[in-house]
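Biologist: Please take a close look at the charged side chains with me, and then lead me inward from there. I am in my first year, so I would be glad of an explanation that goes step by step.

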Amino acid sequence: MVIINNFEDYKSYEGKIIGVSNWHKIDQLQITKFAHATSDLQWIHVDQERAKNEGPFGSTIAHGYLLLSLIPYLWKQIADVRNVKMEINYGIENLKFGQVVPVNSEVQLEATAKTISDLRGTVKAVIQAKLIIKGEEKPAYTGDVIFLYHFY
């Protein structure tokens with residue numbers, strides 16, 4: 001875990017890997033809860049028997065948006081950004097899903113600081129987010145997550 005207290009701390013990571021999160025297991029309960037929360041009950045996510053017998057992956061798979069929703073949780077394991085009045089999830093650019101994440105897979109987030117800018121007191125951090133699947137070469141996704149910070 002890195003500690004970032006201000007713009008200068010953040011800027012020192014520009015162009016570098018900030019870190020990686022712990023492994024997180026995607027189990028069926030999490031997939032099912034997400035399916036109900038988003039009303040995305042497609043059988044490939046929630047019907048274990050059908051996914052096993054009829055699906056192309058041999059099991060249920062995590063929703064792509066479930067995997068994206070893990071970014072704040074996993075990011076907090078990588079960086080402790082302190083002295084912040086407000087933090088805003090501003091957007092995601094250049095997102096590409098690389099492959100599916102079958103149920104019971106473990107994933108971790110790798111975060112690289114692409115650019116860190118001071119926009120008249122607002123710090124804009126463009127972080128390349130790569131969701132790694134344990135035992136797989138291709139990531140589940142890569143994309144540039146944009147955070148805005150207002151430091152004290």
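Modeller: Let us start with aspartate 80, which forms a salt bridge with arginine 82, their closest N and O atoms being 2.8 Å apart; please keep in mind throughout that this is a predicted model. Side chains of opposite charge can pair when their charged atoms come close. Aspartate 80 has a relative accessibility of 27%, so it counts as partly exposed, and arginine 82, at 37%, counts as partly exposed too. The count for the structure comes to seven salt bridges, and two others are worth following in the view.

One of them joins glutamate 54 to arginine 50, with 3.2 Å between the closest N and O atoms. Both residues belong to helix 4 (residues 48-54), where they are four residues apart, which is about one turn of the helix. Glutamate 54 counts as exposed because its relative accessible area is 54%, whereas arginine 50, at 34%, is partly exposed. Another bridge brings together the side chains of glutamate 14 and lysine 11, at 3.1 Å from N to O; here glutamate 14 is partly exposed at 29%, and lysine 11 is partly exposed at 34%.

Going inward, we come to the largest nonpolar core, a group of 38 residues in which Tyr10, Ile26, Trp75, Ile127 and Tyr149 touch the most other members. Strand 7 (residues 122-133) supplies the largest share of this core, namely six residues.

Isoleucine 26 is a good guide to the surroundings, for beyond its neighbours within four places in sequence it is in contact with residues including Leu70, Val107 and Ser105. Leucine 70 sits in the loop between helix 5 (64-69) and helix 6 (71-78), and its relative accessibility of 5% is why it counts as buried. Serine 105 is found in strand 6 (residues 105-119), and since its relative accessibility is 14%, serine 105 counts as buried as well. A polar atom of the serine 105 side chain lies 2.7 Å from the backbone oxygen of proline 102.

Aromatic rings are the last stop, and the whole structure holds five aromatic pairs. In one of them, the ring centres of phenylalanine 147 and tyrosine 149 are 6.0 Å apart and the ring planes meet at 55°, so this pair is tilted. Phenylalanine 147 and tyrosine 149 are both buried, and ring pairs link them with Tyr10, Trp75 and Phe151 into a cluster.

Definitions and conventions. Residues numbered from 1 in each chain as written. Predicted model: local features only at pLDDT ≥ 70, side-chain atom pairs only at ≥ 80, totals over all residues. Heavy atoms only, no water. Core = buried A, V, L, I, M, F, W, Y, C linked by side-chain atoms within 4.5 Å. Buried < 20%, exposed > 50% of the residue type's maximum accessible area, 1.4 Å probe, protein only. Helix = DSSP H or I, 4+ residues; strand = E, 2+ residues; numbered from the N terminus. Contact = heavy atoms within 4.5 Å. Phe/Tyr/Trp six-rings, centres within 6.5 Å; stacked < 30°, edge-to-face > 60°. Polar contact = N/O pair within 3.5 Å; in protein donor to acceptor, adjacent residues only side chain to side chain. Salt bridge = Lys/Arg side-chain N within 4 Å of Asp/Glu carboxyl O.
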